[in-house]
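Work through the exercises below with the sequence and the model open beside you. Try each task before you read its solution.

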Amino acid sequence: MTAEAPARVPIPRQAPGALPLLGHGLAMRRRRLELLEEVQGLDGDGLVALRLGAARMLVATDHRLVRELLVRRADDFGPSPQYRLMEPVTGAGLLLSEGAFHRRQRRLIRPAFRHARVRHYADLMTELAQGWTDGLRDGEVVAVDEEFGSLATTVVVRSLFGQGISDADAGGVVTAMTDVMAWVGARGADPLPALMSRLPTQVNRRFARSARSLHTLVDTLIARRRADSGEPPDDVLTWLLGTTDAETGERMSDAQVHDEVMTLLTAGAETTSRTLAWCLYLLARNPDAEERLHAEVDRVLGGRAAGFDDLAELPYTRRVLTETLRLYPSGYLLSRAARRDTELGAYPVAAGTTVLFSPYALHRDPRLFRAPDAFRPDRWLPERAGEVTPDAFLPFGLGQHGCLGEGFAWTEMTIALATLATRWRLRPLHPAPVAPTPLFSLSSGRMPMRARRRGEDRAGGRA
Ligand code: HEM
């Protein structure tokens, strides 16, 4: 009788181009998006191995494996070491927590971002978008990245703290968040992040100062709200401080509320602002799409600012934003680390292994999206379903850690874009294509654009 041969354990294919010692570390730093697209294009079974220095990581290139990672086997995976770099900012907030504790936090916070609540924040979004567009001057050059950064941070700050924060402090948060996000972005691109974060660089020094002042301010705002015996304002902070878990009867500690506030600031501002910046870039390069957007906002809004009730009437605006999120997803590279020995597809995954996946590379895979480099908002029309693989479209992630602020983000972006488009057309100062810089999110750089007042071209419009 012959002994049965042991089943062969499949081994993920190693991505080509690894250098001695560094592996793919240099490519990951210098040409990260190209590397991710190359890996995505490799034939194989959907899992590719990368070596970053001594660390071996896996990249899931098949969207079905990504779903397995995020949904079916979600309990086997926790935050990756790359995510843990954000700990000095977000502490034990949603992004970095796991298991039963994370589920409790989601239960507690999610209702603050339900549809009815978002309707409430939408008035503020309209007011701020209108204020910003009112302040534009014909011919003025604006650094779109900074302008939207400030607008989106103010939207989150005012939704969190309402009138409980002074204008000066709100402005201070906007400035401090710029330094904090510059640091988070720099860490994500470092081959040796733990070492680099200790060097006395300008980014590190500014981060230390700004993070300290932000943490202090958030603590002060929480303490002040706790001490206030008056009618609590209708904002996210009131929700976080008062909400009780139906299953356990527990409330969040002030320290936990602090970490969730920092998480919302980190996750909720740059993601939205950078999508809007890329959207204006794409519209400037695609005048036909811009014209259709203008026709829609003219018909629906007739020159006024957009509000929550207009959202359903702006389907083309939504498709433009969807297509922007396909080409430039803020969360371009997401990751998890295996908490125990587990599997993905046919492959064993050892405890501690980091698994990456790139919505950016998936969204540009010609097997999943027809003519992937073209900006075609209409590919999202239901009757064009053959042009897209909806399961591979993951700008907001998926599963337990999927974006909590998705409805908030859609509302904010649609209101901002439609309100701007009723009156303004923006054109890049420099005609050359802009290559995205992969930081925490995909940056377009400052992207200076010249604002031109729309007028004669708006149907029934004013000058
Ligand atoms: C265009 C805008 C946005 C994009 C593209 C985006 C994308 C994402 C993605 C991809 C994730 C999942 C990360 C992962 O699984 O590793 C995520 C998580 C999250 N997002 Fe968003 N986001 C956006 C706006 C917002 C806004 C406006 C808020 C809140 C005001 C927000 C709050 C969060 C939170 C709290 C999480 C963590 C959820 C958890 O870990 O349980 N996001 N977002």
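The exercises that follow treat confidence, two sheets, two helix pairs and the surroundings of a ligand in a predicted model.

**Exercise 1. Confidence**

Task: State the average pLDDT of the protein chain, and find where the pLDDT is below 50.

Solution:
- Step 1. The average pLDDT of the protein chain is 92, and 96% of the residues score at least 70.
- Step 2. The stretch with pLDDT below 50 covers residues 456-463. Beyond near neighbours in sequence, this stretch has eleven contacts in the model.
- Step 3. Where pLDDT is low, predicted coordinates should not be read in detail.

**Exercise 2. A sheet of six strands**

Task: Work out the strand order of the open sheet of six strands, and say which strands stand at its edges.

Solution:
- Step 1. Begin with strand 1 (residues 13-14) and strand 2 (residues 47-52), which are joined by two bridges and run parallel. Arg-13 has Val-48 of strand 2 as its bridge partner, and Gln-14 is opposite Ala-49 in strand 2.
- Step 2. Go on to strand 3 (residues 55-60), which pairs with strand 2 in the antiparallel sense over six bridges. One of the partners here is Ala-55 in strand 3, bridged to Leu-52.
- Step 3. Look at the turn: strand 2 and strand 3 make a hairpin with two residues between them. Gly-53 lies in this turn and has a positive phi of about 60 degrees.
- Step 4. Write out the order, which is 1-2-3-9-6-4, with mixed pairing. Strand 1 and strand 4 (77-78) are at the edges; each has a single partner strand, so one side of each has no neighbour in the sheet.
- Step 5. Add the helix that packs on this sheet, helix 3 (residues 63-72). Helix 3 touches strand 2, strand 3, strand 4, strand 6 (334-338) and strand 9 (354-357), and its direction makes about 110 degrees with that of strand 3.

**Exercise 3. A sheet of three strands**

Task: Give the order of the open sheet of three strands and the average twist from one strand to the next.

Solution:
- Step 1. The order is 5-13-10, and the pairing is antiparallel.
- Step 2. Strand 5 (141-143) and strand 10 (424-428) each have a single partner strand, so they stand at the edges with one side left without a neighbour in the sheet.
- Step 3. From one strand to the next, the twist averages 40 degrees.
- Step 4. For the pairing of strand 5 with strand 13 (residues 448-453), count three bridges. In this pair of strands, Val-141 is opposite Arg-450 in strand 13.

**Exercise 4. Two helix pairs**

Task: Describe how helix 15 crosses helix 16, and how helix 7 crosses helix 8.

Solution:
- Step 1. Two packed helices are described by the angle between their axes and the distance between the axes.
- Step 2. The axes of helix 15 (residues 287-301) and helix 16 (residues 315-327) cross at roughly 145 degrees and come within 8 Å. This crossing is left-handed.
- Step 3. Helix 15 makes the contact with Ala-289, Arg-292, Leu-293, Glu-296 and Val-297, and helix 16 with Tyr-316, Thr-317 and Val-320. Sorted by class, the contact has five nonpolar, one polar and two charged residues.
- Step 4. The axes of helix 7 (residues 115-134) and helix 8 (residues 144-161) come within 10 Å and cross at roughly 145 degrees. Here the crossing is right-handed.
- Step 5. Residues of helix 7 in this contact include Leu-124 and Trp-132, and those of helix 8 include Val-155 and Arg-158. The classes are seven nonpolar, two polar and one charged.

**Exercise 5. Around the ligand**

Task: Describe the shell of residues around the ligand by class and by helix.

Solution:
- Step 1. The ligand is surrounded by 25 residues, the closest being Gly-268, Gly-331, Gly-397, Cys-403 and Gly-405.
- Step 2. By class, 13 are nonpolar, eleven polar and one charged.
- Step 3. Helix 13 (254-268), helix 14 (270-285) and helix 18 (406-423) each give at least two residues to the shell. Helix 13 supplies the largest share, four residues.

How values were computed:
Residues numbered from 1 in each chain as written. Predicted model: local features only at pLDDT ≥ 70, side-chain atom pairs only at ≥ 80, totals over all residues. Pairing = 2+ DSSP bridges. Contact = placed C-beta atoms within 7 Å. Axes fitted to C-alpha atoms, helices over the stretch in contact; angles between N-to-C directions. Near = placed C-beta within 6 Å. Nonpolar A, V, L, I, M, F, W, Y, C, P; charged D, E, K, R; others polar. pLDDT = per-residue confidence, 0-100. Left-handed = near helix turned anticlockwise from the far one by under 90°.
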